[in-house]
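I open a fresh page for this chain and set down what I looked up, entry by entry. The sequence and the structure come first, and my notes follow.

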Amino acid sequence: MVDDEPDIIYSIKWVLENNEFVVDSYTDPTLALSNFRSRVYDLLILDIKMPKMNGLDLYQKMKEIDSNVKIC
């Protein structure tokens, strides 16, 4: 999950982890991209409006690393 607002990250992460999902979260899209690995994630939850890089650009770059990755 990538969102520049920590409160959003906290809320969504809390719900997912309490439903037995493993969640990696980032508030910085460039850090998320540098840590992204192919075939590790089933789903990406990305904010569209973020500083440094918007969610659509981030998705395109992640899709180049893993063409099967899904986005929400």
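**Entry 1: isoleucine 71**

I began close to the end of the chain and asked whether isoleucine 71 is buried or exposed. The model is a predicted one, and in it isoleucine 71 has a relative accessibility of 34%, so I entered this residue as partly exposed. I located isoleucine 71 in the segment after α3. Which residues does isoleucine 71 touch, once neighbours within four places in sequence are left aside? I found Leu43, Leu44, Leu46 and Tyr59 in contact with isoleucine 71. I also looked up a C-alpha separation, and between isoleucine 71 and asparagine 54, which lie 17 residues apart along the chain, the value is 14 Å.

**Entry 2: aspartate 66**

I stayed in the segment after α3, where aspartate 66 is also found. Aspartate 66 has a relative accessible area of 6%, and because buried means under 20%, I noted this acidic residue as buried. Not counting residues up to four places away in sequence, I found aspartate 66 touching Phe36, Ser38 and Arg39. The C-alpha atoms of aspartate 66 and arginine 37 are 7.7 Å apart in space, although 29 residues separate the two in sequence. I then followed the side chain of aspartate 66 and saw that it reaches the backbone nitrogen of asparagine 68 at a distance of 3.0 Å.

**Entry 3: the chain as a whole**

I stepped back to the overall fold and counted 3 helices and 0 strands in the protein chain, which reads α-α-α along the sequence. How does the radius of gyration sit against what a compact globule of 72 residues would have? The chain has 11 Å and the globule would have a value near 11 Å, so I recorded that the two agree. Along the principal axes, the C-alpha atoms fill a box of roughly 30 × 25 × 20 Å.

I noted that 31% of the 72 residues are buried. The accessible surface comes to about 5,100 Å², and carbon and sulfur atoms account for 53% of that area. For contacts between residues at least 6 apart in sequence, I found that 53% join residues at least 24 apart.

**Entry 4: salt bridges**

How many salt bridges does the structure hold? I wrote down 2. One of them pairs lysine 13 with glutamate 17, and their closest N and O atoms are 4.0 Å apart. Both of these residues lie in helix α1, where 4 residues, or about one turn of the helix, separate them. Lysine 13 is partly exposed at a relative accessible area of 24%, and glutamate 17 is partly exposed as well, at 39% relative accessibility.

A salt bridge also forms between the side chains of aspartate 28 and lysine 52, with 3.1 Å from N to O. This pair links distant parts of the chain, since aspartate 28 sits in the loop between α1 and α2 while lysine 52 sits in the loop between α2 and α3 (55-65), 24 residues apart. I checked the remaining surroundings of aspartate 28 too, and apart from neighbours within four places in sequence, the residues in contact with aspartate 28 are Val2 and Lys52.

**Entry 5: backbone angles**

I looked next at phi, bearing in mind that most residues other than glycine have a negative value. Lysine 52 has a positive phi near 75° and is not a glycine. With a relative accessible area of 68%, lysine 52 is exposed. I noted glutamate 20 for a positive phi as well, about 70°, in a residue that is not a glycine. The place of glutamate 20 is in the loop between α1 and α2, and its relative accessibility of 75% is why I entered it as exposed.

**Entry 6: a nonpolar patch**

Last, I asked which residues form a nonpolar patch on the surface. I recorded Tyr10, Trp14 and Val15, which together have about 360 Å² of accessible area. I placed tyrosine 10 in helix α1 (residues 6-17), and because its relative accessibility is 56%, tyrosine 10 counts as exposed.

Definitions and conventions. Residues numbered from 1 in each chain as written. Predicted model: local features only at pLDDT ≥ 70, side-chain atom pairs only at ≥ 80, totals over all residues. Heavy atoms only, no water. Patch = residues over 30% accessible without salt bridge, like charges linked within 9 Å, V, L, I, M, F, W, Y side chains within 5 Å. Areas by Shrake-Rupley, 256 points an atom, 1.4 Å probe, with all protein chains shown as cover. Helix = DSSP H or I, 4+ residues; strand = E, 2+ residues; numbered from the N terminus. Buried < 20%, exposed > 50% of the residue type's maximum accessible area, 1.4 Å probe, protein only. Contact = heavy atoms within 4.5 Å. Rg over C-alpha atoms; globule rule 2.2 N^0.38 Å. Polar contact = N/O pair within 3.5 Å; in protein donor to acceptor, adjacent residues only side chain to side chain.
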